[in-house]
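The following paragraphs offer a guided reading of one molecular structure. Please keep the sequence and the coordinates at hand while following the text.

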Amino acid sequence: HGFSASIPQQGLYFEETLAQQHVYNMPRAYRLTGHLDEAVLRQSFQTLVERHDSLRTHFEERDGEQVQVIDPEVEVELPVESVSREEVVDRYIEEAHRAFDLGRSPLLRLRLLRLGEQEHVLVMTLQHIVADGWSLGVLVQELGAVYRAGVECRAAQLPALPLRYADYAHWQRERLQGERLEQELGYWRERLAGLPGRLTLAGDRPRPAVRSFRGGSVGVELPGELLEGLKELSRSRGVTLYMTLLAAFQVLLWRYSGQRDLAVGTPVANRGRGELEGLVGFFVNTLVRRGEIGRGARFGQ
């Protein structure tokens, strides 16, 4: 039996099958210290897979439409390998780039790297189509509770899940159709009307014709005094710290591009109801934040 994929899942399914670059893997590595019962860890993941339908879901295409199929039973595999410290990064990269078959569940892959009797690294990779960043937090929290219960030979006390992801997908599709869909689309057409095209941001090399996805990240640590000042500025203007930082980022883009009308895509959790907070699933949504820098803005020299 199949259920309609959610709208974000449908888009990601199309991109993943079209791009064939498997950029939607979500790899994470967790360092585990102290005695580890590997059998209990595997059984803990088995419990979570049985609890969350998304972890037993695969995808099929029927009559041109993407369908999510929840498998009643899935056996969790937790391969264990003894490695040196130098090999950990290689194993992590290997897992991060290994493709999932969207037609087979689970879209979760585990690998336990044993560095010694008291030290392990757990590599957990999820396909983004069944989970998001919030879901990772849910999994880690529940894994800890289930594992502790397992080593103490008792049942874990996890709250019942009032909904499953397929319910959310059905609700979303029922809601976003007809007149309501046109209203939603109309809002964004009006809000983004006349928006210039690609940001004219100078780079140190030509923009490649084909996306490579070989990106990177840079961590920035704000001094405590500066952070407190930003929080106070946000409170005085009645906005969140996030809004202040986003505005500053957009001003920075204007400073380097000269473009006053620009847009930034930003992911949001998209879990507006309490019943969704404990679910593993693909809820995240990307919103376009349009910034129109005022003509009176000036920078000091």
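The protein chain, shown here as a predicted model, contains eight helices and nine strands. Its C-alpha trace spans about 65 × 50 × 45 Å along the principal axes. Of the 301 residues in the chain, 34% are buried. Among the contacts with a separation of 6 or more, 71% are between residues 24 or more positions apart.

The packing of two helices may be considered next. Helix H7 comprises residues 224-237 and helix H8 residues 241-257; their axes come within 8 Å and cross at roughly 105 degrees. Because angles of 65 to 115 degrees count as roughly perpendicular, H7 is roughly perpendicular to H8. On the side of H7, the contact is made by Leu227, Leu230, Lys231, Leu233 and Ser234, while H8 contributes Leu241, Thr244 and Leu245. Sorted by class, the contact of H7 with H8 consists of five nonpolar, two polar and one charged residues.

Aromatic side chains form a further topic. A pair of aromatic rings is described by the distance of the centres and the angle of the planes. How many aromatic pairs does the count give? The count comes to five aromatic pairs. In one of them, the ring centres of Tyr168 and Phe283 are 4.6 Å apart and the planes stand at 55 degrees, so this pair is tilted. Tyr168 belongs to helix H5 (residues 165-175), whereas Phe283 is in the loop between strand E8 (261-268) and strand E9 (285-292); the pair therefore ties together parts that are 115 residues apart in sequence. Are these two partners buried or exposed? Tyr168 has a relative accessible area of 6% and is therefore buried. Phe283 is buried as well, because its relative accessibility is 0%.

A second pair is formed by Tyr187 and Trp188, with 5.1 Å from centre to centre and 85 degrees between the planes, an edge-to-face arrangement. Tyr187 has a relative accessibility of 46% and so counts as partly exposed. Trp188 is likewise partly exposed, with a relative accessibility of 30%. Returning to Tyr168 and Phe283, ring pairs link these residues with Tyr165 and Trp171 into a cluster.

Another aromatic ring, that of Phe100, has a charged neighbour: Arg109 lies over the face of Phe100, at 4.2 Å from the ring centre. Phe100 is also among the residues touched by Gln127, which is placed in strand E7 (residues 119-127). What is the accessibility of this glutamine? Gln127 has a relative accessible area of 0% and is therefore buried. Leaving aside residues up to four places away in sequence, Gln127 touches Leu12, Glu16, Tyr24, Asn25, Leu102 and Leu107 in addition to Phe100.

Several points of backbone geometry deserve attention. Ser105 and Pro106 are joined by a cis peptide bond, with omega at about 0 degrees. Pro106 is found in the loop between helix H3 (85-97) and strand E6 (108-116). At Cys153, phi is near 55 degrees, a positive value in a residue other than glycine. Cys153 is located in the loop between helix H4 (133-151) and H5. With a relative accessibility of 73%, Cys153 counts as exposed, because exposed means over 50%.

The loop between E8 and E9, already encountered through Phe283, holds further residues to examine. One of them is Asn270, whose phi is near 60 degrees, again a positive value in a residue other than glycine. The relative accessible area of Asn270 is 33%, so this residue is partly exposed. Gly274 has its place in the loop between E8 and E9 too, and at 53% relative accessibility Gly274 counts as exposed. Along the chain, Gly274 and Ser212 are 62 residues apart, and their C-alpha atoms are separated by 38 Å. Within this loop, then, Phe283 is buried, Asn270 is partly exposed and Gly274 is exposed.

Definitions and conventions:
Residues are numbered from 1 along each chain as its sequence is written. This is a predicted model: local features need pLDDT of at least 70, side-chain atom pairs count only at pLDDT 80 or more; totals for chains, interfaces and linings use all residues. Side-chain values use heavy atoms; hydrogens and water are left out. Axes are lines fitted to C-alpha atoms, for helices over the stretch in contact, and angles run from 0 to 180 degrees between N-to-C directions. Helices (H or I, at least four residues) and strands (E, at least two) are DSSP runs, numbered from the N terminus. Angles under 35 degrees count as roughly parallel, over 145 as roughly antiparallel, 65 to 115 as roughly perpendicular and the rest as oblique. Contact means heavy atoms within 4.5 Å. Ala, Val, Leu, Ile, Met, Phe, Trp, Tyr, Cys and Pro count as nonpolar, Asp, Glu, Lys and Arg as charged, and the others, Gly among them, as polar. Rings of Phe, Tyr and Trp (its six-membered ring) pair if their centres lie within 6.5 Å; planes under 30 degrees apart count as stacked, over 60 as edge-to-face and the rest as tilted. Buried means under 20% relative accessible area, exposed over 50%, partly exposed in between (1.4 Å probe, protein chains only). A charge sits over a ring if NZ of Lys or CZ of Arg is within 6 Å of the ring centre and within 35 degrees of the ring normal.
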